[in-house]
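User: Could you take a close look at one part of this model for me? I'd like to hear about the helix that does the most for the pocket lining, and whatever else it takes part in.

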Amino acid sequence: MTILFLFMALFALMFIGVPVAVSLGLAGSVTIMLFSPDSVRSLAIKLFETSEHYTLLAIPFFLLAGSFMTTGGVARRLIDFANASVGHIRGGLAIGAVMACMLFAALSGSSPATVAAVGSIAIAGMVRSGYPQPFAAGIVTNAGTLGILIPPSVVMVVYAAATETSVGKLFMAGVVPGVLLGLVLMVAIYVIAVKKNLPALPKATPRQWFAAARKAAWGLLLMVIILGGIYSGMFTPTEAAAVAAVYSAFIALFVYKDMTFKEAPKVVLEAAKLSIMLMFIIANAMLFAHVLTTEQIPQQITAMVLEAGLQPWMFLLAVNILLLIAGAFMEPSAIILILAPILFPIAIELGVDPIHLGIIMVVNMEIGLITPPVGLNLFVTSAVTGMSLAEVIRAAMPWLMLLLGFLVLVTYVPSISMGLPNLLGM
Amino acid sequence: MQQLRLIWDRFEEGFIVFLLTAMTLVTFVYVILNNFYTFFYSLGDRFEASSVGLSEFFFTIGDFILDMAQDMTWSNALTKALFAWLLFFGIAYGVRVGGHIGIDALVKLASKKTQKYIALLACVISLGYAALITVASFEWVSALFEVNIGADDLGQFGIKQWHITLIVPLGFTLVFIRFAEILVRILRNEQIGLGLADEAADAMKLSEQKTNNKEEQQ
């Protein structure tokens, strides 16, 4: 009864256009006031606790780093480097765009940011060279989702905070699936490019390649700092994020000099706004999840699932379907915070590794970012290209099938995600 | 009045920028100090055989940095406090600039007139939420005010718990005011929806800035 009320209230509020964060918080608060002996005061305490969560502190830092890199010209140099590396292959600009998305994803933790940073330059470039616009837009919309799979990743930080797993281990687990998905996209593009006879760039001379690599090196070095720092134990992920933020501000202002000091506050404000928006959703989703826990919903569902004698593969299938539906309607961080506490205990009982479950959830969230009605990447691509939302959806659809196939692979071959962290002995 | 609002808006933005910058720098400095002393210790080790003076020199620097890092136990607590202020102070800013995402796909299907009524309802609901949290957090903060306990790791500087948590009722009061402004604008037909965000437009702003820069360069 309580739970029915909780979810009904959430959906009713969301669909009349109340902001997602307010819907989550209000549905949770009203349920607590009506059905639970907790005082109203506990609502405020619950909201405030979010800001004391050390792991979540990484989010504003990573977003700040991302803002500086988008504005500071890192994206453009990564694209040049990618084109110098793979541009001579048939369909080279498109393959280069995927590679640029992968590289940018390894520096930034957000998918919409990746689409915006790479898409605003790469799509126009492809169209100029004679690629059909829907093809170019579809590729970047999809490859941009790698932003949350290739570490660092804001969504992984949220999952780690919700389930108290290790952020570092999750980051490492995302590397192989992320690179694999990038390669799958590249191969698919190559096949299409050969069939449709899409153009290739002239091969870059070694000298040109080195020049491009040298210019991009400052950005690429950040990857080493983040992953190396976390892996070697020099930094916690939160500290690595703070270092990344200061470092990217430094290269934007002093090395690339693509932006002036005057612009810096604007970039910080933009990152702050994104952080506030995301953290406001996270704080309220935590309040909402708190209601679920006090009502013992995770325990009840776990008992039900075990009683039904569900096999792990059936459970994982159910998880994927649930997450795909949820992903189409909700913001990724909120989904993770609400569903992870429910799915986590079941996974443990069934012997599914929590890190593996995390990667499955992240890949689902990637797909959620390109499925309407609430697919942030679709909106970003539409804004970047000036195509209508319907056109972008149609352009992204064929590639979505590829992502779904990849989801099945990641779900049922755990070693793809678990291989690297196990190898590193994490 | 208009002037005052403008000053407040600028202050709001400036303060948000200050909070995020401060928390980033505090964490950054702490990390650097925390990793640098090992660097100087290893330098000291390396020169131990060849030059005692040089080795002593590096050890002294290492000790100095280690002391600084150890003195900075407050950095974590300070970062969290700044984070809390950023979050709860910033929510109202998010409301002002339409930064909070929501789903308006369904609402947009309705006629203009119905849209207005739905927006009014959504706005009143949001006002109710802001009021609820303001009252709830005010109760909490006044309880903390009465016990007057020092904040973890920051108590030595005379910072009490209620100093930090005070931002929750303050912030949500601001949120209430911002939603009230929106309510007035909807009633006056100056605005149709809550001005929910378009993340897309935001992302664009960043890359637009970038393209502008590029053009300026060329």
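Analyst: Sure, that's α15(A), which gives the most to the lining of the largest pocket, with 7 residues. Keep in mind that this is a predicted model.

Let's start with the pocket. The largest pocket has a volume of about 520 Å³. Helices that give two or more residues to its lining are α1 (2-15), α14 (297-307), α15 (312-329) and α16 (332-350) of chain A. In total, 23 residues line the largest pocket, and those nearest its centre are Phe7(A), Leu322(A), Ala326(A), Ile338(A) and Leu339(A). What about chemistry? By class, the lining comes out as 23 nonpolar residues, with no polar and no charged ones.

Now for the surface. α15(A) also gives the most to a nonpolar patch there, with 5 residues. The patch is made up of Trp313(A), Leu317(A), Ile321(A), Ile325(A), Phe329(A), Val408(A), Leu409(A), Tyr412(A) and Val413(A), and together they have about 800 Å² of accessible area. Besides α15, α19 (389-412) of chain A supplies at least two residues of this patch.

One patch member deserves a separate word: Val413(A) sits in the loop between α19 and α20 (414-423) of chain A. Its relative accessibility is 31%, so Val413(A) counts as partly exposed. That value passes the patch cut-off, since patches take residues with over 30% relative accessible area.

So, to pull it together: α15(A) is the top contributor to the lining of the largest pocket, and α15(A) is the top contributor to the nonpolar patch as well.

Methods. Residues numbered from 1 in each chain as written. Chains lettered and ligands numbered in written order. Predicted model: local features only at pLDDT ≥ 70, side-chain atom pairs only at ≥ 80, totals over all residues. Heavy atoms only, no water. 1 Å grid on protein atoms, 1.4 Å probe; cavity = no way out; pocket = protein on both sides within 12 Å on 5 of 7 lines; lining within 4 Å. Points joined across faces, edges and corners; volume = space filled by probe spheres on them. Helix = DSSP H or I, 4+ residues; strand = E, 2+ residues; numbered from the N terminus. Nonpolar A, V, L, I, M, F, W, Y, C, P; charged D, E, K, R; others polar. Patch = residues over 30% accessible without salt bridge, like charges linked within 9 Å, V, L, I, M, F, W, Y side chains within 5 Å. Areas by Shrake-Rupley, 256 points an atom, 1.4 Å probe, with all protein chains shown as cover. Salt bridge = Lys/Arg side-chain N within 4 Å of Asp/Glu carboxyl O. Buried < 20%, exposed > 50% of the residue type's maximum accessible area, 1.4 Å probe, protein only.
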